[in-house]
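Colleague: I am new to this structure, so please choose a single part of it and go through that part with me slowly and closely.

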Amino acid sequence: MLEVADALAEVLKHAHPLKPEYAALTTAAMGQVLAVDIASDIDSPPFDKALRDGYAVRAADCVTAGVELRVIEEVPAGKVPTQPVGPGEAIRIFTGAPIPAGADAVVMQEHTQRIGDRVRITDPQVQPRQHIYAQGTEMKAGTPVLAAGTVINPAAFGVLASVGKTAVPAYPFPRVGIIVTGDELVEANTKPKPGQIRNSNGPMLAAQTVRAGGLPRYLGIARDDRTITRSLIAEGIDVSDVVLIAGGVSVGDHDLVPSVLQELGVTIHFRQVRVKPGKPLLFGTSPKGKLIFGLPGNPASSYVGFELFVRPAIRILGGHQQPGPRIMPLPLSEAVAETNDRPTYRPAVLEADATGWNVRPLPWTGAPDLVGLQPADALLVLPAGEIRADAGTRLEVVLLSGTL
Ligand code: AMP
Ligand code: MG
């Protein structure tokens, strides 16, 4: 049985970025990863520009407060000055407008008094270059503004638009096929008959896939029948980069998934991980290198298995440089005392107080308990054996939301 770290290393050994494709820069590309460096085609700003509403002046004219200058022109944003500023002159200027030749400072209007066609400068300390954003300060034509590997976040959309991009080479979102198994399962729109339960893993794993940066495709329920299970998994392998099969991976008579995968030529790299919840956890690769995960049927186990092993794989396929999961030590907000036979990833919530973030374990009854897990935004990592830790003790925490 593999330790969590070794199992993750094995998964990552087989996970490679997908082939980049041109992505149109609509919001549907939000969260994709750039596959190339992007250079600017222009200087930004393209000209020395005013950072305040006020007057463009020669700083040398304004060494004492109270000097009066002749206002020769008015330049709003979007217009260009038609004449230079000479000695004793000023141009009325607005934020975003180009600085006229001759001027080397902007005096904000709050530090002026307008008297007819003249302006009195009340600012006693006019510094050369003040309130001017010099041409090319943000970026220079031909120089890189975004590196390959950058996540296309909202600010990146703005940067890409400012350098004239409407499409960029990016890693596609990995396609994730989702299959659930079990004769007992019915879908959410059906009232379970005796012996039946509703399928909660399918919708949950699809949503986790979206959060991880994948494109989910729900393929349905595979009954505990070899032929049905085989054809659904074969379809999943065909249409996906990653296939998730929830349930049926344990050692019971009706747990068909491992043997069906072998029939389909899948190489199984591991079948169990020393983790709680979720010991039966299978990872394999198809002959074409598709990644196959057999997750435990119990919903909380499936959830944790996804976050620990599937999400990092999806991230690597999607071009992210850091697979995660992001783990950091945080202080406990209450004492913990329990004994576990395996390293345990316990649902928990993060809480902020004046001292920073703390982690609070949630009341939770174990692998089938999705209601108890639901508020979790973290998993508290408890080592195997007996653990007694007071409030304030720092323990490792897996972050479930956020950028990693
Ligand atoms: P299995 O791994 O197939 O032995 O399933 C373990 C437990 O998880 C059983 O109690 C199943 O009924 C339950 N289970 C399996 N698949 C699902 C599912 N899609 N949604 C909810 N519970 C499930
Ligand atoms: Mg089953």
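Modeller: What follows is about the largest cavity and the domains around it. The model is predicted, so local features need pLDDT of at least 70 and side-chain atom pairs pLDDT 80 or more, while totals for chains, interfaces and linings use all residues. Residues are numbered from 1 along each chain as written, chains are lettered from A and ligands numbered from 1 in written order, and side-chain values use heavy atoms, without hydrogens and water.

There is one cavity of 30 Å³ or more, a cavity being a set of points on a 1 Å grid over the protein atoms alone where a 1.4 Å probe fits but cannot get out. The largest cavity holds about 40 Å³ of space, taken as the volume filled by probe spheres set on the points, which are joined across faces, edges and corners.

Its lining (residues with an atom within 4 Å of a point) takes in Gly31, Gln32 and Val33, then Tyr171, Pro172, Phe173 and Pro174, and further along the chain Gly213, Ile314, Gly318 and His320. Sorted by type, the lining has six nonpolar residues, five polar ones and no charged ones; Val33, Tyr171, Pro172, Phe173, Pro174 and Ile314 count as nonpolar, whereas Gln32, His320 and the glycines count as polar.

The domain assignment, automatic or from a database, gives domain 1 (4-18 + 172-317), domain 2 (21-44 + 138-171), domain 3 (49-133) and domain 4 (327-399). Because domain 1 and domain 2 both give residues to the lining, the largest cavity lies between them. Gly31, Gln32, Val33 and Tyr171 belong to domain 2, while Pro172, Phe173, Pro174, Gly213 and Ile314 belong to domain 1. As for the wider arrangement, the C-alpha centres of domain 2 and domain 4 lie 39 Å apart.

Notes:
On a 1 Å grid over the protein atoms alone, a cavity is a set of points where a 1.4 Å probe fits but cannot get out, and a pocket is an open set with protein on both sides within 12 Å along at least five of seven lines; lining residues have an atom within 4 Å of a point.
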